[in-house]
Amino acid sequence: YFNELVSIIDKPIPLREKIVEIIERDFKRLKEDPNLILFMANELHRDGDNLFPEFLVYKNVLRSKLHEQMQAEIETGKMRDISLQCLMPLVMGNLHFMFVCKDLVKWMYDFSADEFDSFVEKHKQCVIEMVTGYLFEK
């Protein structure tokens, strides 16, 4: 999971494309295993330092390469001035909610499994447009 994220961050592509690719990758992973995010959150809370040693690599890449690219795009006016700490919940929170609360969403809107799948595909596009629009369109 983290290795895939690091490989995206390492790509020599614009930050906007990286964010879209991260959203697409997370969405695909969550569709395959909707409980993954709950498991990871629980285990990180329980004993994260020992459970996911590769998370340290992710943190270092996030703090260096992603931060450097963000700062460069902010300084050139391509990206809104936002902190690295705000980027992750902005991207992930909007996407992960649909899978963490899948049963609630299905119940609230009387979605069948197929209707929910269709809905989350549309929601993914909303997340991409909302996040990239907020970050890169001034």
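In this predicted model, the loop between α6 (102-108) and α7 (113-136) holds D110. This residue invites a closer look, since D110 has a positive phi of about 55° without being a glycine. As a general point of backbone geometry, most residues other than glycine have a negative phi. The side of the story told by solvent is simple: D110 is exposed, and its relative accessible area is 64%.

Stepping back to the whole chain, the secondary structure consists of seven helices and zero strands. Read from the N terminus, the order of elements is accordingly α-α-α-α-α-α-α. The C-alpha trace spans about 45 × 40 × 20 Å along its principal axes. A compact globule of 138 residues would have a radius of gyration near 14 Å, and the 16 Å found for the chain agrees with this. Of the contacts between residues at least 6 apart in sequence, 65% join residues at least 24 apart. Burial applies to 37% of the 138 residues, while the accessible surface comes to about 8400 Å², with 56% of that area belonging to carbon and sulfur atoms.

The interior can be described through the largest nonpolar core, which has 37 residues. Within this core, the residues with the most contacts are I19, L66, M70, M79 and L135. Two or more residues each are contributed by α1 (2-10), α2 (15-32), α3 (36-51), α4 (54-75), α5 (84-100) and α7. L135 offers a handy view of this packing: with neighbours within four places in sequence set aside, L135 is in contact with I19, K78, M79, R80, I82, L87 and L90. Two of these partners, I19 and M79, are also listed among the core residues with the most contacts.

Turning to the cysteines, the count of disulfides is zero. C101 takes part in no disulfide, and the nearest cysteine sulfur, that of C126, lies 17 Å away. That distance is to be set against the cut-off of 2.5 Å for a pair of cysteine sulfur atoms. C126 is likewise in no disulfide, and with a relative accessibility of 46% C126 counts as partly exposed.

A word on confidence may help in reading these results. The chain has a mean pLDDT of 88, and 93% of its residues reach 70 or more. Among the elements, α7 has the highest confidence, at a mean of 95, whereas α3 has the lowest, at 78. In general, predicted coordinates should not be read in detail where pLDDT is low.

Methods: Residues numbered from 1 in each chain as written. Predicted model: local features only at pLDDT ≥ 70, side-chain atom pairs only at ≥ 80, totals over all residues. Heavy atoms only, no water. Helix = DSSP H or I, 4+ residues; strand = E, 2+ residues; numbered from the N terminus. Buried < 20%, exposed > 50% of the residue type's maximum accessible area, 1.4 Å probe, protein only. Core = buried A, V, L, I, M, F, W, Y, C linked by side-chain atoms within 4.5 Å. Contact = heavy atoms within 4.5 Å. pLDDT = per-residue confidence, 0-100. Rg over C-alpha atoms; globule rule 2.2 N^0.38 Å. Areas by Shrake-Rupley, 256 points an atom, 1.4 Å probe, with all protein chains shown as cover.
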